[in-house]
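User: Could you take a close look at one helix pair for me and tell me how the two helices pack? A bit of context on the surroundings would be nice too.

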Amino acid sequence: MNRFAELLDRLVLTPSRNGKLTLLTDYFRAVEDPDRGLALAAITGNLDIAAVKPAMLRTLVAERMDPVLFGYSYDYVGDLAETVSLVWPAPSERQDRVPPTLAGVVRQLQAASRSDGPKVLARLLDEADVSARFAIIKLVTGGLRIGVSARLAKQALADLGKVDVAEIEELWHGLTPPYADLFAWLEGRAAKPEKSARALFRPVMLANAVGDGDLEKLDPADYAAEWKWDGIRVQAVREGGVHRLYSRTGDDVSGAFPDLAEAMDFSGAIDGELLVGTPSATGSFSDLQQRLNRKTVSPKMLRDYPAFMRCYDLLQIEDEDLRGLPFHERRQRLEAFVKTLDPTRFDLSPLVAFGGWPELETVRAAPPHPIIEGVMLKRWDSPYLAGRPKGPWFKWKRDPHTVDAVLMYAQRGHGKRSSFYSDYTFGVWSGAEGAEELVPVGKAYFGFTDEELRQIDKYVRDNTIERFGPVRSVRADRNNGLVLEVAFEGLNRSTRHKSGVAMRFPRISRLRWDKPAAEADRIETLRALLDT
Amino acid sequence: MRASDLLHPRPEGLYCPPGDFFIDPVRPVERALITHGHSDHARAGHRSVLATRETLAIMALRYGEGFAETTQAAKPGERVRLNGVEVSFHPAGHVLGSAQIRVEHQATRIVASGDYKRQPDATCAPFEVVPCDVFITEATFGLPVFRHPPDHHEIGLLLKSVAQFPERSHLVGAYALGKAQRVMSLLRQAGYDKPIHIHGALAKISEYYQATGIDLGELLPATVEGGGKADFAGAVVIGPPAAFSDRWARRFPDPVSCFASGWMRIRQRAKQRGVELPLIISDHSDWDELTATIRDTGASEVWVTHGREEALVRWCELEGIAARPLHLVGYEDEGD
């Protein structure tokens with residue numbers, strides 16, 4: 001348990017992806033079965049433990065300490081799980097106390113009935129030290145919140161076994177905690193686990209961005225063009241009565257989209273884009289947002305924002321694997337297949353006819369629907385390959401939007417950037433003439449060169465007006481301020497931000513040392529984009 | 001005599017009217033008794049200073065030899081009479097030279113603890129329990145949430161991380177007096193025998209520690225000489241916490257920022273400071289040490305100063321011990 005607790009403590013404070021991978025891989029290498037497998041299940045959200053409500057934690061701690069002292073403590077720390085883990089009175093520090101194992105903790109929690117659950121939890125907390133108590137409380141209250149996605153955990157497993165992460169994604173849904181067979185294979189002690197389960201995920205094929213000069217080398221006749229829809233890439237698989245809707249990283253998202261999942265009355269595997277609305281009236285990205293990141297969906301949500309799938313590709317029909325066929329054959333099969341599906345939930349992603357690259361460029365710049373973010377190019381003869389092979393598929397995105405904003409706050413980075421102010425909050429002007437105010441519209445921490453970073457860092461240090469921990473407030477008014485040209489992919493309405501807008505993928509595209517702060521853009525410019 | 005007539009707060013600091021002296025005054029006074037060398041307790045400009053030999057030496061290092069007109073070294077446990085008031089200095093276990101000050105007059109005995117801890121520390125003499133009527137305790141970590149783990153456990157985390165990330169350097173933020181040398185000493189005790197790189201602000205004090213016979217091993221200045229960033233791959237670098245957000249830190253390759261402090265017990269504190277590896281190593285008592293020490297002194301009354309007074313006062317009330325906050329001005333309750 002202590003090693004798992006230590007892992008959580010380090011992961012939550014480690015900002016870099018590589019750092020997290022090292023910590024995870026080292027943990028999986030050092031810890032034995034079944035503890036490491038249970039840790040993997042906890043991190044990927046596959047550990048089944050009856051939840052304990054925060055109120056129960058408060059009750060348990062109230063039985064053990066003065067409520068006034070607990071109140072002072074909770075006020076100071078601000079997080080219930082952390083406060084309880086810290087103030088929990090250790091019964092008596094016995095020297096022979098053996099710290100519980102993760103497997104032991106999980107076994108006891110899973111075996112506990114509803115009525116003796118609190119008692120079991122209290123006993124476990126008695127046996128654990130501070131870090132382990134925190135980890136136990138996190139396990140029972142649900143949600144570790146350590147900034148590690150299931151995808152990252154799978155990448156760590158791939159690093160451990162020196163295999164491609166696609167292999168693990170493909171197997172994943174056929175495996176169950178504590179994954180002893182998976183670890184045995186990764187450590188070379190056993191064969192690869194059989195793909196025994198039904199409706200497994202097939203690693204998706206991804207495209208490369210069109211780079212400078214790429215198109216000149218390509219013959220337009222070799223490629224099909226298709227709209228690039230800005231929804232969620234999904235894979236709908238149904239085999240032997242089992243159906244699953246996967247995200248592009250192999251996470252099962254059926255639970256969040258029961259309306260679409262229930263309409264899957266075929267036998268096969270389809271690659272496509274999940275969108276909101278209906279095939280005849282495709283919704284906007286704001287509509288789609290209503291359905292994102294939800295564990296449960298209300299009937300109203302299902303009625304107002306129905307999900308459907310725009311189909312790109314067909315990977316399997318019945319027992320026939322189509323992935324080795326060329327795209328034009330798969331496309332023909334797909335066109336026939338989609339006709340057999342529920343037309344309110346499935347439609348075909350149309351191809352875009354074009355004569356040459358200049359013609360396609362014109363079409364790309366003015367797509368027929370706001371949720372289109374560019375075009376896809378697919379070689380007619382390309383098989384369906386896992387990963388991002390160079391050549392067969394390209395994505396050619398619409399040019400980003402840009403806005404001139406003023407730097408308002410800068411925050412220190414991490415790791416290599418820990419002595420640099422590298423995360424920038426910027427704002428645009430709002431309010432009546434003569435009483436303009438900057439209102440923050442976004443935050444960006446990439447897009448600039450190392451040299452530019454040094455320049456901005458110096459500017460921040462020379463123009464600081466206030467400090468809050470790692471954040472500096474930078475002088476920014478009508479006469480002073482650094483103007484940043486910010487590129488972004490789109491704009492969403494936001495009730496969380498004062499400005500009412502939230503940018504998608506903002507990055508710094510240019511430093512406008514030449515531009516006076518007063519000439520930066522106004523919020524109205526951004527709001528106008530919301531309505532397109 | 002009433003305890004509050006023997007010692008009470010004045011704007012300059014804690015004052016003893018019959019003895020006519022101050023303990024750890026924050027403004028220049030005629031006669032000052034100093035518990036330890038941290039700058040908020042030990043200031044320059046008093047006429048005469050009574051403190052341990054080590055504290056006097058540390059003050060001279062920080063402020064120059066003329067930091068006071070006259071100085072007198074207090075030997076541990078030795079009784080000194082000041083205008084009829086008896087005082088003595090006893091180890092507080094906080095940093096090298098740190099002492100509690102016993103003040104006794106007409107059968108009333110008060111012990112002013114200064115800052116103290118009970119965890120063993122190879123770089124200073126251990127805390128000595130001095131029974132008293134009134135115990136003046138610090139309360140930097142005076143909340144039940146502060147429970148410091150054993151320091152060797154935290155150093156173990158640091159060394160593990162050094163092994164896990166050999167291409168990065170580990171920057172350990174630690175206060176220049178006491179904490180930095182304790183971290184060095186702990187690294188040596190854990191068998192780490194490579195040179196430790198230090199920020200210039202640590203050099204003089206660390207040298208003094210070593211001159212008193214405390215083994216800190218080989219210390220090298222953390223400067224780039226001819227080489228480059230790669231020189232610091234795998235290195236442990238110790239410096240004052242503020243230095244790591246400074247441009248000074250750019251000479252290190254992809255640093256792991258560590259901070260050795262009792263505050264690191266609270267995750268949000270570590271997050272806010274951008275600390276990647278918190279090391280819960282404190283030179284102040286945690287909650288359990290504070291409450292155990294109050295019991296150990298047998299004091300019937302406790303005055304609580306700098307820190308979170310209210311929780312410790314509440315605990316004393318629950319234990320049936322008279323307690324009140326003692327409002328002293330000018331001390332950093334964020335030290336450590």
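Analyst: Here is the helix pair, followed by its surroundings. This is a predicted model, where local features need pLDDT of at least 70, side-chain atom pairs count only at pLDDT 80 or more, and totals for chains, interfaces and linings use all residues. Residues are numbered from 1 along each chain as its sequence is written, with chains lettered from A and ligands numbered from 1 in the order in which they are written.

The pair is helix 4 (residues 54–62) and helix 6 (residues 80–87) of chain A, whose axes come within 11 Å and cross at roughly 20 degrees. Helices here are DSSP runs (H or I, at least four residues), numbered from the N terminus. Axes are lines fitted to C-alpha atoms over the stretch in contact, with angles from 0 to 180 degrees between N-to-C directions. Angles under 35 degrees count as roughly parallel, so helix 4 of chain A and helix 6 of chain A are roughly parallel to each other.

As for who touches whom, Pro54(A), Leu57(A) and Val61(A) from helix 4 of chain A meet Leu80(A), Val84(A) and Val87(A) from helix 6 of chain A. Contact means C-beta atoms, placed from the backbone, within 7 Å. By class, that contact has six nonpolar, no polar and no charged residues. Nonpolar covers Ala, Val, Leu, Ile, Met, Phe, Trp, Tyr, Cys and Pro; charged is Asp, Glu, Lys and Arg; the others, Gly among them, are polar.

Now the surroundings: chain A puts 26 residues into its contact with chain B, and chain B puts in 31. On the chain B side, helix 6 (267–272) and helix 8 (309–319) each supply at least two residues. That side of chain B has 14 nonpolar, six polar and 11 charged residues.

Key. Parallel < 35°, antiparallel > 145°, perpendicular 65-115°, else oblique. Contact = placed C-beta atoms within 7 Å.
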